[in-house]
Amino acid sequence: MDIILLGPPGAGKGTQSQRLVEHHGMRQLSTGDMLRAAVKAETPVGIKAKAVMEKGELVSDEIVSQLIDAELTAMGRETGAIFDGYPRTAAQAEMLDEILASHGRKLDHVIELEVDEDALVQRITGRFTCAACGEGYHDSFKTPEVEGVCDKCGSTEFKRRPDDNEETVRHRMEVYRSETAPILPGYEARGIVSRVDGMASIEEVTHALDAILD
Ligand code: AP5
Ligand code: MG
C-alpha cells in the first residue's frame with residue numbers, strides 16, 4: 001500500500017509516519033529528512049538546498065522527485081511507501097504519478113491531517129529530535145521519560161531544526177496554502193482522499209490512520 005500524508009508544517013506527518021512504520025512495516029519517504037541528510041553531508045544537492053530550506057522556500061521539483069525515485073528503486077515493491085512532505089506542488093504530484101507507474105506501483109490513499117494553524121506554531125517551535133536515532137519529541141506534548149535521555153536509543157544528544165523559528169514557520173504555512181493545498185482537489189476527483197483530525201492526540205490520530213489502512 002502506498003499513501004501520501006498531507007498537511008501543513010507541524011501537522012504530525014513525521015510523527016505519524018514513524019508509527020505507521022512500526023505498526024504496518026511501511027517505509028517513510030520524507031523529502032525533508034532526505035534533504036536535511038544531504039545538507040549535513042554537504043552533497044551537491046545539500047549545498048543547493050540549505051539556504052532554500054532555512055528560508056522556508058521549496059527546493060526544486062526535479063531534485064525532490066529524483067530523491068523519491070532513487071528511494072523507490074532501492075526498496076522492494078512489497079514494502080508500502082508513506083510519502084511524507086512530498087508531493088508539495090502540482091508538478092510534483094504529476095511527477096509522482098509517473099514515478100509510481102515506472103515502478104509498477106499506485107497510490108492507495110491520500111490522507112489529509114486537518115489542523116489549526118495557530119496551534120502548529122507552538123507544536124513546531126517546541127519540537128526536538130534525538131540526534132542519534134531521530135525519535136521525535138516535544139517540550140510540552142512528548143518529553144523523554146527520563147529527562148535528557150532518548151526513550152528509544154538512550155542517546156543524550158538532541159537537536160532542533162534551523163527552520164523551526166516562528167517567522168520561518170509562518171512562511172512555510174503560506175507556502176503550504178499557495179503551493180501544496182491546491183493539489184488536493186485532483187486527488188479528491190480520484191476518490192482516494194481521507195481526512196483525519198490532526199488536532200486530536202497523537203494516539204487518537206494513529207488510531208484513525210490505522211482504521212483507514214486496515
Ligand atoms: P519538511 O521536513 O517536510 O517539513 P514540513 O512539511 O514543514 O513539516 P514538518 O516536518 O515541520 O511537520 P510534520 O507534519 O512532520 O510534524 P511533526 O510530526 O514533526 O520540509 C522542510 C523543508 O524541506 C521545506 O520547507 C522545504 O524547504 C524542503 N522540502 C521538503 N520536501 C520538499 C518538497 N517535496 N519539495 C520542495 N521542498 C521540500 O510534528 C511537529 C511537532 O508536534 C512534534 O514535536 C510532535 O511531537 C508534535 N505533535 C505531532 N502530532 C501531535 C498531536 N496530535 N498532538 C500534539 N503534538 C503533536
Ligand atoms: Mg516532518
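**Exercise 1. The shell around ligand 1**

Task: Determine which element gives the most residues to the shell around ligand 1, and describe how the residues of that shell divide by character.

Solution:
1. The element that gives the most to the shell is α2, with 4 residues. The structure used here and in the exercises below is a predicted model.
2. In total, 33 residues surround ligand 1, and the closest are T15, E57, R88, R127 and R172.
3. By character, the shell consists of 13 nonpolar, 11 polar and 9 charged residues.

**Exercise 2. Polar contacts and burial of ligand 1**

Task: List polar atom pairs between ligand 1 and E57, R123 and R161, then state what share of the ligand's area the protein buries.

Solution:
1. Start with the backbone: a polar backbone atom of E57 lies 2.5 Å from an oxygen atom of ligand 1.
2. Turn to the side chains. An N or O atom in the side chain of R161 is 3.0 Å from an oxygen atom of the ligand.
3. For R123, a polar side-chain atom is 3.4 Å from a nitrogen atom of ligand 1. The cut-off for a polar contact is 3.5 Å between N or O atoms.
4. Ligand 1 taken alone exposes 1100 Å², of which the protein buries 95%.
5. Two or more residues of the shell come from each of α1 (13-24), α2 (31-41) and β6 (136-138).

**Exercise 3. Helix α1 and the loop before it**

Task: Check the span of α1 against the expected value, find where its buried residues lie, and place G12.

Solution:
1. The helix has 12 residues, and 1.5 Å a residue gives an expected span of 16 Å. The end C-alpha atoms of α1 are 15 Å apart, which agrees.
2. The buried residues of α1 are K13, Q16, S17 and L20.
3. Viewed down the axis of α1, these buried residues fall within an arc of 105°, so they line one face of the helix.
4. The spacing has a general basis: an α-helix has 3.6 residues a turn, so residues three or four places apart point the same way.
5. G12 belongs to the loop between β1 (3-6) and α1. Its relative accessibility is 16%, so G12 counts as buried; the cut-off is under 20%.
6. G12 and M26 are 14 residues apart along the chain, and their C-alpha atoms are separated by 17 Å.

**Exercise 4. Two faces of α3**

Task: Sort residues of α3 into buried and exposed, and classify E54.

Solution:
1. Buried residues in α3 are G46, A49 and M53.
2. Seen down the axis of α3, the buried residues fall within an arc of 70°, so they line one face of this helix.
3. P44, I47, K48 and K55 are exposed on the other side of α3.
4. E54 also lies in α3. With 37% relative accessibility, E54 counts as partly exposed, a class that runs between the 20% and 50% cut-offs.
5. From E54 to I99 there are 45 residues along the chain and 28 Å between C-alpha atoms.

**Exercise 5. Backbone exceptions**

Task: Identify the peptide bond that leads to P87 as cis or trans, and give the sign of phi at E42.

Solution:
1. The general expectation is that most residues other than glycine have a negative phi, and that most peptide bonds are trans.
2. The bond from Y86 to P87 is cis, with omega near -5°. P87 sits in the loop between β3 (81-84) and α5 (90-102).
3. E42 is not a glycine, yet its phi is positive, at about 55°.
4. E42 is found in the loop between α2 and α3 (44-55). Its relative accessibility of 61% makes E42 exposed, the cut-off being over 50%.

**Exercise 6. Sequence separation and spatial separation**

Task: Give the C-alpha distances for the pair S60 and R195 and the pair R177 and P8, with the setting of S60 and R177.

Solution:
1. S60 is in the loop between α3 and α4 (61-74), and at a relative accessible area of 32% S60 is partly exposed.
2. S60 and R195 are 135 residues apart in sequence, and 28 Å apart from C-alpha to C-alpha.
3. R177 is part of helix α7 (residues 166-180). R177 is partly exposed too, with a relative accessible area of 44%.
4. R177 and P8 are 169 residues apart in sequence, while their C-alpha atoms are 8.0 Å apart in space.

Conventions:
Residues are numbered from 1 along each chain as its sequence is written. Chains are lettered from A and ligands numbered from 1 in the order in which they are written. This is a predicted model: local features need pLDDT of at least 70, side-chain atom pairs count only at pLDDT 80 or more; totals for chains, interfaces and linings use all residues. Side-chain values use heavy atoms; hydrogens and water are left out. A residue is near a molecule or strand if one of its heavy atoms lies within 4 Å of it. A polar contact is a pair of N or O atoms within 3.5 Å; within protein, one must be able to donate a hydrogen and the other to accept it, and residues adjacent in sequence count only if both atoms are side-chain atoms. Accessible areas come from the Shrake-Rupley method with a 1.4 Å probe; for residues, only the protein chains shown count as cover. Ala, Val, Leu, Ile, Met, Phe, Trp, Tyr, Cys and Pro count as nonpolar, Asp, Glu, Lys and Arg as charged, and the others, Gly among them, as polar. The expected span of a helix is 1.5 Å times one less than its number of residues. Buried means under 20% relative accessible area, exposed over 50%, partly exposed in between (1.4 Å probe, protein chains only). The arc is that of the directions from the helix axis to the C-beta atoms.
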